[in-house]
Amino acid sequence: MAEYNILLQELRAFRQENNEKLESIKEDIAKVNNRMEEAEGRIEKAEERIQTMEDVMVELMQVHVKLTDKLTDLESRERRENIRIYGVPETSERDSPSMSAFVETLLREGLKLEGAENINIERAHRSLGPPPPNGASPRSILVKFLSFKTKEQILRKAWQQKGFTWKGKQISLDNDYPPLILKKRREYAAIRRILKDKQIQFQTLFPARLKVKYADGVKIYNTSTEASEDMSERGFPVEVIKPPESVLERYKQLNTWNRVTRGTDRTAPGPPGPSYKEKLRAFRRTGADPAVE
């Protein structure tokens, strides 16, 4: 009986010690839960702010695209009276009183314009930038006319006779396009080269479209990607041009996280797991003495 009492006292002391440790564990768990709730609240607010910023960023990117298109259109209208002359050797204008006088003489001689016809050049100059090294292509000459009608007449006449030869150099004329449109038109370079080799008539339309006269009809392409894909299907040896991704397109391809609310399971759906009390009950001894309880 004495041994039983000693064992009972030891069990009660062990239980008391376990209860004290469990209370300490409960306090620690409560502190951790409080910190987790606080962290979840901060994360939720941060996710809301990030989502709002992403929505605003998308709207700003869309506005940026629209403004860029409007700016390009305004720049194109500003350049309506301009043409660019390609192929004129550097320093050819050295003996002329001005670049405008040199260009007028060049156009009258090359295009065989009537002497009484007034060209009305407002100003003319070489493309900005340092002179090219020997052997490189000369800088183009930018010409601004006082009249859009005069500019169109001169440009149309130059296109009809496919440019002209001046002092052994082939001279060509073209519109003065904004850099963005010029970049898009240059994307057709490889396609135009193949069409020339195949002796297929084509025309580059404004702002950056390609009109091709096939044997089965006329086809108009709005982008170089569309043209390369269709020509590749037709059997032409052309490499398909991939369209450059804009910032907005790259942003939309990003994998964003799914927002969660406080108190939800972040790993997998389903019922909540057992609490720590239920887990500890699994270690209880079966058939224990009621006094121990």
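This is a walk through a predicted model, one selection at a time.

**Stop 1: the main core**

Start by selecting Ile 85, Val 103, Leu 107, Val 143 and Leu 173. These residues have the most contacts inside the largest nonpolar core, a set of 23 residues. Now colour by secondary structure and see who contributes: strand S1 (82-86), helix H2 (99-111), strand S2 (121-126), strand S3 (141-145), helix H3, strand S4 (164-166) and strand S5 (169-175) each supply at least two residues of this core. H2 gives the largest share, 6 residues.

Keep Val 103 selected and show what surrounds it. Setting aside residues up to four places away in sequence, Val 103 touches Ile 85, Ile 121, Ala 124, Ile 141 and Val 143. There is also a second, separate core of 13 residues, and Ile 191, Leu 195, Ala 227 and Phe 236 are among its members. As background, nonpolar side chains tend to be buried together in soluble globular proteins.

**Stop 2: a lysine on the inside**

Select Lys 151, which belongs to helix H3 (residues 148-160). Is Lys 151 buried or exposed? With a relative accessible area of 3%, Lys 151 falls under the 20% cut-off, so it counts as buried. Show its contacts beyond the neighbours within four places in sequence, and you get Arg 80, Glu 81, Asn 82, Ile 83, Phe 145 and Asn 175.

While Arg 80 is on screen, add Phe 148. The charged end of Arg 80 sits over the ring of Phe 148, 4.4 Å from the ring centre.

**Stop 3: rings that meet**

The model has 3 aromatic pairs. For one of them, select Phe 102 and Trp 166: this pair is edge-to-face, with 5.7 Å centre to centre and 80° between the planes. Phe 102 is in helix H2 and Trp 166 in strand S4, so the pair ties together parts that are 64 residues apart in sequence. Both Phe 102 and Trp 166 are buried.

Another pair is Tyr 214 with Phe 236, and this one is tilted: 6.1 Å centre to centre, 45° between the planes. Here too the pair links distant parts of the chain, with Tyr 214 in strand S7 and Phe 236 in the loop between helix H6 (224-233) and helix H7 (247-252), 22 residues apart. Tyr 214 and Phe 236 are both buried.

Leave Tyr 214 displayed and bring in Arg 234. Its charged end sits over the ring of Tyr 214, 3.9 Å from the centre.

**Stop 4: along strand S7**

Tyr 214 leads straight to the rest of its strand, so to speak: select residues 209-214, strand S7. Which side chains of S7 point to the buried face? Leu 210, Val 212 and Tyr 214 do, and they are buried. Arg 209, Lys 211 and Lys 213 point to the other face and are not buried.

Next, look at the partners on either hand. Strand S6 (residues 202-205) runs antiparallel to S7 and is joined to it by 4 bridges. To find the register, pick Gln 203, whose bridge partner in S7 is Lys 211. A hairpin of 3 residues makes the connection from S6 to S7.

S7 also pairs with strand S8 (residues 217-221), again in the antiparallel sense, over 5 bridges. Use Lys 213 as the marker here: Val 218 in S8 stands opposite. The S7-S8 hairpin has 2 residues between the strands.

**Stop 5: backbone oddities**

A quick reminder before the last selections: most residues other than glycine have a negative phi, and most peptide bonds are trans.

Go back to the loop between S6 and S7, where Pro 207 is located. The peptide bond joining Phe 206 and Pro 207 is cis, with omega about -5°.

Then select Lys 112, in the loop between H2 and S2. Phi of Lys 112 is positive, near 55°. Lys 112 counts as exposed, at 65% relative accessibility.

Finish at Gln 199, in the loop between helix H5 (189-197) and S6. Phi of Gln 199 is also a positive value, near 55°. How accessible is Gln 199? Its relative accessibility is 73%, and the residue counts as exposed.

Notes
Residues are numbered from 1 along each chain as its sequence is written. This is a predicted model: local features need pLDDT of at least 70, side-chain atom pairs count only at pLDDT 80 or more; totals for chains, interfaces and linings use all residues. Side-chain values use heavy atoms; hydrogens and water are left out. Buried means under 20% relative accessible area, exposed over 50%, partly exposed in between (1.4 Å probe, protein chains only). Two strands pair if DSSP finds at least two bridges between them. Contact means heavy atoms within 4.5 Å. A nonpolar core is a set of buried Ala, Val, Leu, Ile, Met, Phe, Trp, Tyr and Cys residues joined through side-chain atoms within 4.5 Å. Rings of Phe, Tyr and Trp (its six-membered ring) pair if their centres lie within 6.5 Å; planes under 30 degrees apart count as stacked, over 60 as edge-to-face and the rest as tilted. A charge sits over a ring if NZ of Lys or CZ of Arg is within 6 Å of the ring centre and within 35 degrees of the ring normal.
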